[in-house]
Amino acid sequence: MTRALGFAALGTLFTFSMTTLGAACVFLGAKPRSREGLLGFAAGVMTAASVWSLLLPAIEQAEAQGTPAWLPAAGGVALGAAFLAALDALLLRLRGGDGDAREHSNALLFTAITLHNIPEGMAVGLAFALAVDGEGLASAAALALGIGVQNLPEGAAISLPLREMGQSRARSFWGGTLSGAVEPLFGVLAALAAALVRSGMPWLLSFAAGAMLYVVIVELVPQSNTRGGVCGYMMGFLVMMTLDVALG
């Protein structure tokens with residue numbers, strides 16, 4: 001169990017560090033002109049990761065356990081999406097609709113990215129928990145690399161608008177960095193849960209996939225519905241699929 005938790009911590013600390021690196025672009029004077037393309041790229045990576053890194057392993061493990069393969073896959077996805085939808089609605093209700101439109105939009109984006117970093121952290125933690133004996137380590141590394149790559153624009157997608165609103169570079173940087181701080185926490189918690197209840201792994205993997213797909217559909221795709229966003233989506237999907245298939 002200790003080794004699995006260590007692997008999960010290392011994997012999620014890498015993805016978190018990539019968020020921090022993306023947020024640091026405010027110190028370079030970058031402008032958020034390509035945010036739609038970057039968010040589209042993130043959506044593509046998350047879609048491919050949901051299938052190849054989460055749902056397919058969940059189906060394979062369910063079959064190995066003698067469980068109907070569709071049950072944990074479909075049930076876990078539904079539960080993951082429902083959970084994130086309920087959490088999203090709760091946070092929006094607590095925040096309310098006050099403030100100007102741009103500030104409110106950026107607050108929602110921060111909430112959305114922070115929320116979807118939770119299933120990302122879970123996904124990486126679970127992938128490395130599966131690879132504790134060396135089997136599937138390349139696939140776990142591919143998932144961490146793919147999520148880390150798309151965390152770069154996510155960190156920028158938070159810090160750049162904050163800077164544009166007049167926040168200092170330091171405050172903008174920390175805003176982008178904090179959006180990814182949940183990944184190591186939930187990655188380790190997911191790995192701990194997997195180590196304690198191995199039979200529930202297909203459900204945990206599918207749960208993470210459902211939560212990720214919810215964020216893609218509700219938050220990322222609507223904000224990247226441009227030609228650049230579509231190109232970014234296809235590129236992100238192809239990059240993550242290639243990494244997972246080639247290295248898995």
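Visitor: How many disulfides does the structure hold?
Guide: The structure, which is a predicted model, holds 0 disulfides.

Visitor: And cysteine 25, is that buried or exposed?
Guide: Cysteine 25 has a relative accessible area of 13%, and because buried means under 20%, cysteine 25 counts as buried.

Visitor: What about cysteine 231?
Guide: Cysteine 231 comes out as partly exposed, since its relative accessible area is 47%, a value that falls between the 20% limit for buried and the 50% limit for exposed.

Visitor: Let's step back to the fold; how many helices and strands are there?
Guide: The secondary structure of the protein comes to 9 helices and 0 strands, so that reading along the sequence gives the pattern α-α-α-α-α-α-α-α-α, with the elements taken as DSSP runs.

Visitor: What share of the residues is buried?
Guide: Of the 248 residues in the protein, 48% are buried, while the surface that the protein exposes comes to about 11,100 Å², with carbon and sulfur atoms supplying 69% of that area.

Visitor: What can you say about the contacts between residues far apart in sequence?
Guide: If one takes the contacts between residues at least 6 apart in sequence, 86% of them join residues at least 24 apart.

Visitor: Which residues touch the most other members in the largest nonpolar core?
Guide: That core has 44 residues, and Leu54, Leu143 and Leu220 are the ones that touch the most other members. Several elements give two or more residues to this core, including helix H2 (35-64), helix H5 (137-164) and helix H8 (201-223).

Visitor: Which one gives the most?
Guide: H2 does, with 11 residues given to this core.

Visitor: What does leucine 220 touch?
Guide: Not counting residues up to four places away in sequence, leucine 220 touches Leu39, Ala42, Ala43, Met46 and Val215.

Visitor: Which residues belong to the other core?
Guide: Apart from the largest core lies another core of 6 residues, and among them are Ala23, Ala156, Leu160 and Phe173.

Visitor: Switching to threonine 19, where is that?
Guide: Threonine 19 has its place in helix H1, which covers residues 2-23, and with a relative accessibility of 1% threonine 19 counts as buried.

Visitor: What is threonine 19 in contact with?
Guide: Leaving aside its neighbours within four places in sequence, threonine 19 is in contact with Asn151, Gly155, Gly176, Thr177, Ser179 and Gly180.

Visitor: And leucine 152, which helix is that in, and what does it touch?
Guide: Leucine 152 is found in helix H5, and, not counting residues up to four places away in sequence, leucine 152 touches Met18, Leu21 and Gly22. Its relative accessible area is 28%, so leucine 152 is partly exposed.

Visitor: How far apart are leucine 152 and alanine 24?
Guide: In sequence, leucine 152 and alanine 24 are 128 residues apart, whereas in space they are 9.4 Å apart, taken from C-alpha to C-alpha.

Visitor: Last topic, the outside: which residues make the nonpolar surface patch?
Guide: Trp70, Leu71, Leu79 and Trp203 make a nonpolar surface patch of about 440 Å², and the largest share of the patch, 3 residues, comes from H3.

Visitor: Is tryptophan 70 buried or exposed?
Guide: Tryptophan 70, which lies in helix H3, is exposed, because its relative accessible area is 60% and exposed means over 50%.

How values were computed
Residues are numbered from 1 along each chain as its sequence is written. This is a predicted model: local features need pLDDT of at least 70, side-chain atom pairs count only at pLDDT 80 or more; totals for chains, interfaces and linings use all residues. Side-chain values use heavy atoms; hydrogens and water are left out. Helices (H or I, at least four residues) and strands (E, at least two) are DSSP runs, numbered from the N terminus. Buried means under 20% relative accessible area, exposed over 50%, partly exposed in between (1.4 Å probe, protein chains only). Contact means heavy atoms within 4.5 Å. Accessible areas come from the Shrake-Rupley method with a 1.4 Å probe; for residues, only the protein chains shown count as cover. A nonpolar core is a set of buried Ala, Val, Leu, Ile, Met, Phe, Trp, Tyr and Cys residues joined through side-chain atoms within 4.5 Å. Patches are made of residues with over 30% relative accessible area and no salt bridge: like charges are joined within 9 Å, nonpolar side chains (Val, Leu, Ile, Met, Phe, Trp, Tyr) within 5 Å. A salt bridge is a side-chain nitrogen of Lys or Arg within 4 Å of a carboxyl oxygen of Asp or Glu. A disulfide is a pair of cysteine sulfur atoms within 2.5 Å.
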